[in-house]
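Here is a colleague's note for someone opening this entry for the first time. Please keep the sequence and the 3D view at hand while reading the numbered points.

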Amino acid sequence: MKMKQNWINFLIDGAMFLAFLIATAPRFSGLAIHEWLSLSLAAAIITHLLLHWTWIISIGKRFFAKTTWRSRLNYLLNALLFVSFTVTIATGILISREALPLLGLTMARDRTLEFLHHQASDVTVLLLGLHVAIHWSWIVGMLRRIIPVRRVSRSVAISRQMEGANQ
């Protein structure tokens, strides 16, 4: 059961990361894709939180009690990431020029909200980079299960190099 949950997490996390990369480049993807993809990313973040809700509650309860420094760091980073994502998405909705007007909702242009949106987005990029770094060994482990790498012994590698040099 744990492995199945890991695969689900890996697929959702990978899709969220790819969506985030595309959404952070509205000049590349276009404003409409940026906005709609960001809205779908908000739904994916809620799904991600629900899948990890037990961990959130568990570490939250024992944050000041007995737990590892890594769990505390991860918890704090995730809390900051949640806040930065929330600010980014909320301000993005308020300054929407494509998605919400299509739904009949419009807001007056607000440069303060635009500034806050861009700043929160930059913070989110930084925090997401740290989040990926903390989980890097898990990511690599999951990728190794998908793409098995054959290890070649040192003696075999040297003999192959020598064969190539002799030709």
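The points below go from the overall fold to helix pairs, then to salt bridges and a surface patch.

1. Before anything else, please keep in mind that this is a predicted model. The chain contains 9 helices and 0 strands, and reading along the sequence gives the pattern α-α-α-α-α-α-α-α-α. Of the 167 residues in the chain, 26% are buried.

2. A good place to begin is the pair made by helix 3 and helix 5, whose axes come within 10 Å and cross at roughly 150 degrees. Angles over 145 degrees count as roughly antiparallel, and helix 3 and helix 5 are therefore roughly antiparallel to each other. The crossing in which helix 3 passes helix 5 is left-handed.

3. Within helix 3, Ala42 deserves a look. Is Ala42 buried or exposed? With a relative accessibility of 17%, Ala42 counts as buried, because the cut-off for that class is under 20%. The C-alpha atom of Ala42 is separated by 7.1 Å from that of Ile89, although the two residues are 47 residues apart along the chain.

4. Helix 5, which covers residues 69-94, also pairs with helix 7, which covers residues 111-134: the two axes come within 8 Å and cross at roughly 150 degrees. That angle makes helix 5 roughly antiparallel to helix 7. Here, too, the handedness can be stated, and the crossing of helix 5 and helix 7 is left-handed.

5. Another residue to locate in helix 5 is Leu76, which is partly exposed, its relative accessible area being 46%. Leu76 and Phe63 are 13 residues apart along the chain, and their C-alpha atoms are separated by 9.7 Å.

6. The charged contacts come next, and the count of salt bridges comes to 3. Which residues are linked in a network of salt bridges? They are Arg97, Arg109, Arg111 and Glu114, and the next points take the individual contacts in turn.

7. Arg97 and Glu114 meet through their side chains in a salt bridge, with an N to O distance of 3.9 Å. Arg97 lies in the loop between helix 5 and helix 6 (99-102), whereas Glu114 lies in helix 7, so this pair ties together parts that are 17 residues apart in sequence. For the reader judging the 3.9 Å value, the cut-off applied to a salt bridge is within 4 Å. The two partners can also be described by their cover: Arg97 is partly exposed, with a relative accessible area of 47%, while Glu114, at 10% relative accessibility, counts as buried.

8. Arg109 is a further partner of Glu114, and the closest N and O atoms of this salt bridge are 2.7 Å apart. Arg109 counts as exposed, its relative accessibility being 54%; the cut-off for exposed is over 50%.

9. The salt bridge between Arg111 and Glu114 has its closest N and O atoms 3.7 Å apart. Both of these residues lie in helix 7, where they are 3 residues apart, which is about one turn of the helix. How exposed is Arg111 in terms of relative accessible area? The value for Arg111 is 62%, and the residue is classed as exposed. Arg111 can also be placed relative to Ile95, from which it is 16 residues apart in sequence and 8.9 Å apart in space, C-alpha to C-alpha.

10. The last feature to inspect is on the surface, where Trp36, Leu102, Leu103 and Leu105 form a nonpolar patch. Together these four residues have about 440 Å² of accessible area. Trp36 has its place in helix 3, which covers residues 31-51, and it is partly exposed, with a relative accessible area of 35%. That value of 35% for Trp36 can be set beside the cut-off for patch residues, which is over 30% relative accessible area.

Definitions and conventions
Residues numbered from 1 in each chain as written. Predicted model: local features only at pLDDT ≥ 70, side-chain atom pairs only at ≥ 80, totals over all residues. Heavy atoms only, no water. Patch = residues over 30% accessible without salt bridge, like charges linked within 9 Å, V, L, I, M, F, W, Y side chains within 5 Å. Areas by Shrake-Rupley, 256 points an atom, 1.4 Å probe, with all protein chains shown as cover. Helix = DSSP H or I, 4+ residues; strand = E, 2+ residues; numbered from the N terminus. Buried < 20%, exposed > 50% of the residue type's maximum accessible area, 1.4 Å probe, protein only. Axes fitted to C-alpha atoms, helices over the stretch in contact; angles between N-to-C directions. Parallel < 35°, antiparallel > 145°, perpendicular 65-115°, else oblique. Left-handed = near helix turned anticlockwise from the far one by under 90°.
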